[in-house]
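Reader: I would like to learn how to read an interface between two chains. Please take me through one case.

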Amino acid sequence: MVEGKTVLISVVAGLVAIFYLLYAGIMLYNWVIETFVPGVGSINYVLGLFVPGDPGSVIALVTISMLMLGSLYYKLNDVKGLSCLLLGSLIGVAMLTLQLLIVIANIASIGVLTLSGEILEYNAFEDLLRPEIVLGIISLTLFTYSVFKIREITSK
Amino acid sequence: MLFLAVKNQNPQKLSRKIKIALAGNPNVGKSVIFNELTGGKAWVGNWPGTTVEKKVGKTKIDGYEVEVLDLPGIYSLTAYSLDELAARNGIVEEKPDVIIDIANAANFERSLYLTISLLEMGTNVIVALNMIDLAEAQGYKIDAEKLSKLLGIPVVPTIAIKGYGIDELKETIIKSLKIKRIPEKIVDYGDFVETEIRKIETIIEKDSKLSKKYLPRWFAIKLLEGDKDVEKRIEKSPFADEILKQTQKSRKMLDQTLQKDVEEYIAEKRYEKALEIARECLKTVKTKPLTLTDMIDFVTTHKVFGIPIMLTMLYIAFKFAFDVAAPLCDLIDWFFGAFLYDLVANSTLPSIVKSFLGDGIITGVGSILVFLPNIAFLFLFLAFLEDIGYMTRAAFVVDKIMHKLGLTGKSIIPMILGFGCNVPAIMATRAIEDENDRKVTALVNPLMSCSARLPVYLILAGAFFAAYKGTAVLSMYVLGLILAIIMALFFRKLVFKGPSAGFVMELPPYMMPLVKNIVIKTWERSKRFLFKAGTVILLAAILVWVLSITGPSGYIGVEALEDPYLLEKSWVGVLGHFLEQIFSPMGWDWRAAAALFFGFVAKEVVVAAMAMLYGAGGEETLPGILAGLFTPLSAYAYMAFVLIYVPCLATLAAIRSELGMKYALFALIYEIVLAYLVAVGIVFIGHLLGLS
Amino acid sequence: MIPLAFAREGTQVKIVHVNAGKGLTRRLTELGIFPGAILKVVKTLGHGPVMVEICNNQKAQPSCNSCVLGCNTSPNGWRIVLSFGMAMKILVQELM
């Protein structure tokens with residue numbers, strides 16, 4: 001039973017790691033293109049998600065990916081692997097939260113700008129259908145798993 | 001029993017005003033207890049004659065007015081560290097009625113060392129045994145009653161962040177007022193040393209003034225340890241020579257008999273006593289369990305993962321500080337730039353008053369406050385990382401690289417703070433132990449592009465680099481970083497040479513921070529930006545205003561703010577034309593030069609000054625006007641100049657208060673030279689590349 | 001006898017000598033680092049700072065290969081990080 005769960009989680013972690021890496025790569029490409037090579041279009045919409053060219057985000061996504069892969073390297077039934085999963089998913093959740101906060105802030109900004117008479121539109125979907133959010137939700141499940149597993153271990 | 005408790009004969013004689021001091025190691029929760037007692041409100045200053053921070057708060061307990069003195073976090077009471085010396089002298093000069101020694105149950109032996117040192121001074125100490133929950137999580141329990149018996153003083157178990165034990169602590173404070181303790185020997189240093197102590201003690205007792213101020217035994221021990229500060233204090237004593245002679249004799253004798261340095265011997269004996277007491281009171285409940293902290297640390301200090309995690313935290317900090325705080329900035333911008341400004345403009349006040357209020361004060365204050373959300377949010381996230389315990393791990397992981405760049409692991413916090421505002425950043429360099437490292441970190445800090453320079457970048461980048469606006473701005477930050485590294489290396493290797501004294505850092509377990517504490521910390525730092533920077537910028541805005549409407553020929557009139565031709569006749573115009581000569585290689589006209597001058601006082605003012613000088617109605621029309629007067633190359637050089645030249649006045653003041661006037665002037669000069677060189681360099685290289 | 005800076009991660013060491021001035025030696029002593037004390041090298045990144053645990057009174061433990069986790073000595077207090085410079089001045093002897 002336990003082994004089964006571990007295998008499942010490992011697979012999810014592995015897949016998530018690949019996707020984080022993939023989107024990070026696209027983001028990096030986009031940033032390079034947009035900054036240094038104007039004229040060549042950037043890939044902004046991949047697999048249903050909007051991908052901006054944010055270099056900082058690239059670092060974050062790559063880090064998460066590394067940690068997820070690390071959890072596989074150290075094996076999830078080992079404390080070391082579990083620690084990697086915990087931190088990796090935690091950062092994933094942090095990115096999710098951050099992005100949600102940004103969306104809220106953008107909405108608030110629209111509100112403020114209306115005060116000065118400007119009427120603007122804001123398409124929140126563009127900011128919500130992002131890898132940080134979708135992959136972040138998956139990270140949330142991995143995070144919950146880690147927390148439960150760790151509670152088990154540290155209370156022994 | 002180490003103390004004889006004697007009841008105070010005349011309790012009525014106790015005034016209703018008392019003074020207590022909080023002592024303890026760093027990271028024991030001292031500030032939490034301080035906040036619990038005083039509500040977080042404190043007067044902050046310096047211990048006289050030092051740069052060590054002194055924090056004083058007030059509270060009421062049982063009808064008494066209590067002054068709460070926060071001593072710096074220390075491990076012992078030697079004369080080797082400024083913090084320790086300040087704490088020691090603070091105790092002697094301020095004479096608190098009770099000292100609360102906050103011991104860390106989770107870091108017990110280390111805490112006890114300080115407790116013993118305090119008892120040796122002969123002060124009235126009570127112990128707050130904090131973090132008992134953490135100790136239990138680490139697998140052991142401490143017998144507070146036994147500890148109390150062994151030390152002879154009250155011990156109150158507390159969990160400060162939960163408020164547990166605080167009431168009992170308050171009661172114990174009042175109770176211990178009424179009991180006068182007669183100190184006895186806490187540490188037995190062995191027959192040889194004790195004999196010598198007694199010899200010196202006897203001479204000290206002959207000086208009634210000295211023995212009233214200091215406990216003779218403590219004084220004698222310190223003399224044997226070779227404490228320089230204590231030696232200074234005997235100078236005025238009639239028995240000074242006798243005391244010193246006996247001390248010398250004793251030290252020589254003991255060095256021989258002990259086959260070891262007396263000072264080392266005494267410190268070790270004291271430490272052994274701490275271990276002894278600890279062992280008697282510590283009860284292991286279970287073998288050290290695997291803790292969450294261990295698990296997290298495995299990853300955060302990992303050879304491979306450590307630095308990426310740190311960079312990620314940095315990214316989140318900035319994204320949070322800029323993107324999430326944006327609506328608040330917009331709100332403030334609207335409030336000052338539109339709402340208040342229009343209010344004044346449409347009022348019926350005389351035009352000079354309107355101008356003073358509108359163009360002077362409102363614009364001035366508004367331009368500062370617009371950044372407050374960004375700075376506050378950055379500090380908030382940083383405070384969160386600090387209180388949760390992560391920043392020490394970040395410093396550990398980053399130290400090696402920082403050294404290669406001329407800095408140190410602990411420089412990371414000031415460097416990050418510097419992106420918000422350089423003023424609190426430079427104050428944060430206090431945490432760096434090594435003098436040279438501290439100096440370099442502080443001197444290089446102004447190259448961290450603070451939020452004040454952002455509007456200049458945005459306006460110029462928006463006007464000249466439209467599509468690449470983001471990149472241009474980013475390149476400024478990167479340029480700042482690169483220059484900081486180059487200058488840091490230059491300073492550390494060639495100017496402030498010498499091996500780094502290094503640091504010792506404790507790694508407390510990760511703990512969920514108290515929202516209250518994070519907010520207080522954020523407020524303290526943001527406050528510095530607000531008030532120190534704010535007052536200066538406000539004055540600057542007024543100064544610009546005054547210099548714009550007056551000139552060598554006298555008062556010109558507020559119309560000058562709207563009419564560039566009139567403006568040229570004002571002081572600002574005179575100044576600008578003078579500076580124009582110097583900046584001719586870059587092709588900046590007199591107005592841009594004049595704006596730079598005002599930026600010296602506070603860099604935020606540059607844009608407002610430019611708007612006024614170019615006769616732009618508001619800042620929205622400025623880009624259009626600038627497009628005709630700069631070229632992309634000269635604009636980029638201008639941005640770089642603003643990045644590098646001169647720390648703003650408030651930053652200079654901060655450098656002066658931390659390092660002294662000499663270094664403040666040095667920073668001023670080196671930066672202006674560097675800025676000029678870089679700006680000229682940019683234009684030169686640009687011309688070589690055929691750009692214009 | 002080697003400087004603490006070069007001690008291997010996961011080993012337990014005994015301090016033989018502290019090669020520093022009065023102030024530094026005193027400071028280290030008060031934290032529990034003096035000749036005769038036993039430390040465990042929890043983490044070391046090579047030419048950089050060293051993370052140690054002070055485990056006086058504990059029997060020498062076999063080294064574990066990842067010391068941050070699974071240390072079953074009960075340390076005296078929280079872990080300490082010593083800068084590279086300081087670790088160079090503390091001379092130790094590897095136990096086991």
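Reader: How many residue pairs are in polar contact between chain B and chain C?

Author: Begin with the status of the coordinates: this is a predicted model. Between chain B and chain C, 15 residue pairs are in polar contact, both residues being at pLDDT 80 or more.

Reader: Which elements of chain B give two or more residues to the side that touches chain C?

Author: They are the helices H3 (108-120), H12 (262-281), H13 (292-300) and H18 (390-404), together with strand E12 (504-507) of chain B. The largest share comes from H12(B), with 8 residues.

Reader: How do the residues on that side of chain B divide into nonpolar, polar and charged?

Author: The side of chain B that touches chain C has 21 nonpolar, 9 polar and 19 charged residues.

Reader: How many salt bridges are there between chain B and chain C?

Author: A salt bridge pairs a side-chain nitrogen of Lys or Arg with a carboxyl oxygen of Asp or Glu within 4 Å. The count between chain B and chain C is 6. In one salt bridge, the side chains of B:Glu433 and C:Arg27 meet at 3.1 Å, N to O.

Reader: What joins E12(B) to chain C?

Author: E12(B) runs antiparallel to strand E5 (residues 79-82) of chain C, and 4 bridges join the two. Opposite B:Met505 stands C:Val81 in E5(C).

Reader: What area is buried between chain B and chain C?

Author: About 4,000 Å² is buried between them, and carbon and sulfur atoms give 60% of that area. The contact takes 49 residues from chain B and 42 residues from chain C.

Technical notes
Residues are numbered from 1 along each chain as its sequence is written. Chains are lettered from A and ligands numbered from 1 in the order in which they are written. This is a predicted model: local features need pLDDT of at least 70, side-chain atom pairs count only at pLDDT 80 or more; totals for chains, interfaces and linings use all residues. Side-chain values use heavy atoms; hydrogens and water are left out. Contact means heavy atoms within 4.5 Å. Buried area is the accessible area (1.4 Å probe) that two parts lose on being put together, summed over both. A polar contact is a pair of N or O atoms within 3.5 Å; within protein, one must be able to donate a hydrogen and the other to accept it, and residues adjacent in sequence count only if both atoms are side-chain atoms. Ala, Val, Leu, Ile, Met, Phe, Trp, Tyr, Cys and Pro count as nonpolar, Asp, Glu, Lys and Arg as charged, and the others, Gly among them, as polar. Two strands pair if DSSP finds at least two bridges between them.
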